[in-house]
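Reader: Hi! I'm new to looking at protein models, and I'd love a close look at one part of this one. Could you walk me through it?

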Amino acid sequence: MGVPEPEQALAKAKLAAKIAAAIDEEQLTQTEAAERLGTDQAKVSSIVRGRLDQFSTERLLQYAQMIGYDVELLFTRRHAGAGRLRVGA
């Protein structure tokens, strides 16, 4: 598909979708969401529209927490090869 880090991109997209869903569920304006996230409306707009290149996975994890999600990281050891990154529901 030409995406340099597809697992990373997919993880970020899933995080952004969760953040956007919380904003929608709580019926927040982008300005209200920005206040809660400690950022500006333009960044919230980027997240909602899936324009995520300016955000690290870590930042999106922080935003998910700030918008009301519990975030859990699970590590499992692979016996061969590199590990993978996955964001679940």
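How are helix 2 and helix 3 oriented to each other, roughly parallel or roughly perpendicular?

Author: Happy to zoom in on that pair. One thing up front: this is a predicted model. Two packed helices are described by the angle between their axes and the distance between the axes. For helix 2, which covers residues 30-37, and helix 3, that angle is about 105 degrees and the axes sit 8 Å apart. An angle from 65 to 115 degrees counts as roughly perpendicular, so helix 2 and helix 3 are roughly perpendicular to each other.

Now look at who does the touching. Helix 2 brings Gln30, Thr31, Ala33, Ala34 and Leu37 to the contact. Helix 3 answers with Gln41, Val44, Ser45 and Val48.

Keep your eye on helix 3, residues 41-48, since there's another crossing to see there: its axis and that of helix 1 (residues 6-25) come within 8 Å, at roughly 115 degrees. That makes helix 1 roughly perpendicular to helix 3 too. On the helix 1 side, the contact is made by Ala16, Ile19, Ala20 and Ile23, and on the helix 3 side by Val44, Ile47 and Val48. Did you spot Val44 and Val48 again? They take part in the contact with helix 1 and in the contact with helix 2.

What about helix 4? Helix 4 runs over residues 57-66, and Thr57 is part of it. Thr57 has a relative accessibility of 13%, and anything under 20% is called buried, so Thr57 counts as buried. If you skip the neighbours within four places in sequence, Thr57 is in contact with Gln8, Lys12 and Leu15.

Let's step back and put the part into the whole. The protein chain has 4 helices and 0 strands, so if you go along from the N terminus you simply read α-α-α-α. Its C-alpha trace spans about 45 × 30 × 20 Å along the principal axes. Of the 89 residues in the chain, 26% are buried. Take the contacts between residues at least 6 apart in sequence: 59% of them join residues at least 24 apart.

Finally, the outside and the charges. The accessible surface comes to about 6,700 Å², with 48% of that belonging to carbon and sulfur atoms. The chain carries 12 positive and 12 negative side chains, and the centres of those two sets are 9 Å apart.

Technical notes
Residues numbered from 1 in each chain as written. Predicted model: local features only at pLDDT ≥ 70, side-chain atom pairs only at ≥ 80, totals over all residues. Heavy atoms only, no water. Helix = DSSP H or I, 4+ residues; strand = E, 2+ residues; numbered from the N terminus. Buried < 20%, exposed > 50% of the residue type's maximum accessible area, 1.4 Å probe, protein only. Contact = heavy atoms within 4.5 Å. Areas by Shrake-Rupley, 256 points an atom, 1.4 Å probe, with all protein chains shown as cover. Lys, Arg positive; Asp, Glu negative; His and termini not counted. Charge placed at Lys NZ, Arg CZ, Asp CG, Glu CD. Axes fitted to C-alpha atoms, helices over the stretch in contact; angles between N-to-C directions. Parallel < 35°, antiparallel > 145°, perpendicular 65-115°, else oblique.
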